[in-house]
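The following paragraphs walk through one protein model and its ligand. Please keep the sequence and the coordinates open while reading.

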Amino acid sequence: MNAAELSAWYPAPPSLSPRARGWLQNRGSLTQLIQQRCRGEFRVKPVFQSLATVCGDELALMNLRQNELALVREVYLYCGDTPVVFAHSVVARKDLRGAWRSLNGLGNRSLGTVLFTNPVVKRTPLRFRKLNSAHPLFRRACQNLQAKPLGLWARRSLFSLRGQSILVTEVFLPSILELSS
Ligand SMILES: C=C(O[C@@H]1C=C(C(=O)O)C=C[C@H]1O)C(=O)O
């Protein structure tokens with residue numbers, strides 16, 4: 001990815017429907033918002049949690065070198081049998097025994113329960129990007145989708161605790177717009 005692509009996360013999404021904007025720009029817990037709007041059962045389905053290299057557009061933000069390993073957690077958030085969000089979170093290896101050690105035993109509990117219940121955790125402003133098939137997160141987010149969309153809206157922000165950060169990226173799947181508003 002070139003420098004332009006690396007910086008292609010914008011402070012505000014351009015033209016969005018009011019319903020989509022309501023999801024992308026909500027600054028509370030996405031888990032809680034889905035639980036409020038999902039008539040079925042909410043669940044977190046972890047699909048990956050291991051040391052791995054990260055996306056090219058995450059290196060600078062996480063102060064990682066090209067092939068440096070970090071803890072990567074990826075989950076789908078489900079409403080009933082339908083995946084509505086694909087989430088990808090990154091913690092630098094050096095911080096895994098520090099502020100974010102609770103990730104190790106998180107399993108199918110929502111990361112939101114850790115991030116939004118600790119008043120000391122600080123969140124940087126959200127940034128947005130329309131992902132397409134050129135981005136690795138797009139391909140992983142679409143894995144379980146019958147119909148492959150041309151693009152998916154994503155947002156990301158850093159949560160920091162005692163000077164240690166977790167980068168949380170949430171890719172919104174088309175079916176999220178079917179949840180009640
Ligand atoms: C940050 C939140 O946690 C959600 C759950 C995640 C997980 O369990 O890995 C990751 C990102 C979020 O979609 C939230 O609920 O707002």
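R162 lies in the loop that links β6 and β7. The model is a predicted one, and the angles and distances below are computed from it. The phi of R162 is near 50 degrees, a positive value in a residue that is not glycine. As a general rule, most residues other than glycine have a negative phi. R162 has a relative accessible area of 57%, so the residue counts as exposed, the cut-off for that class being over 50%.

A second residue with a positive phi is N63, where the angle is about 55 degrees although the residue is not a glycine. Its place is the loop between α4, which covers residues 59-62, and β2. Is N63 buried or exposed? With a relative accessibility of 69%, N63 is classed as exposed.

From the loop at R162, one can step back into strand β6, which spans residues 152-161 and holds R156. R156 has a relative accessibility of 8%, and because buried means under 20%, this arginine is assigned to the buried class. What does the side chain of R156 reach? The partner is the backbone oxygen of D57, at a distance of 2.8 Å.

Two further strands can be taken together, β1 and β2. Strand β1 runs over residues 42-52 and includes Q49. The relative accessible area of Q49 is 30%, which means that this residue is partly exposed, as the value falls between the 20% and 50% limits. Q49 is separated from E74 by 25 residues in sequence, while their C-alpha atoms are 6.3 Å apart in space. A similar kind of pair is formed by L71 and A52, with their positions 19 residues apart in sequence and a C-alpha to C-alpha distance of 6.2 Å. L71 belongs to strand β2. At a relative accessibility of 7%, L71 counts as buried.

Strand β2 also leads to the ligand. Which element gives the most to the shell around the ligand? Strand β2 does, with three residues. The elements that each supply at least two shell residues are α3 (30-37), β2 (70-79), α5 (112-115) and β7 (164-172). The ligand has 16 residues around it, and those that come nearest are L30, T31, R73, L111 and G112. By residue class, the shell is made up of nine nonpolar, four polar and three charged residues.

Several of the nearest residues place an N or O atom close to an oxygen atom of the ligand. For T31, the atom concerned is an N or O of the side chain, 2.6 Å from a ligand oxygen. For L111, a polar backbone atom is 2.9 Å from an oxygen atom of the ligand. For G112, a backbone N or O atom is likewise 2.9 Å from a ligand oxygen. How much of the ligand's area does the protein bury? Taken alone, the ligand exposes 380 Å², and the protein buries 100% of that area. The site itself is the largest cavity, and the ligand sits in it.

Methods: Residues numbered from 1 in each chain as written. Predicted model: local features only at pLDDT ≥ 70, side-chain atom pairs only at ≥ 80, totals over all residues. Heavy atoms only, no water. Near = heavy atom within 4 Å. Polar contact = N/O pair within 3.5 Å; in protein donor to acceptor, adjacent residues only side chain to side chain. Areas by Shrake-Rupley, 256 points an atom, 1.4 Å probe, with all protein chains shown as cover. 1 Å grid on protein atoms, 1.4 Å probe; cavity = no way out; pocket = protein on both sides within 12 Å on 5 of 7 lines; lining within 4 Å. Sits in = over half its atoms within 2 Å of the grid points. Helix = DSSP H or I, 4+ residues; strand = E, 2+ residues; numbered from the N terminus. Nonpolar A, V, L, I, M, F, W, Y, C, P; charged D, E, K, R; others polar. Buried < 20%, exposed > 50% of the residue type's maximum accessible area, 1.4 Å probe, protein only.
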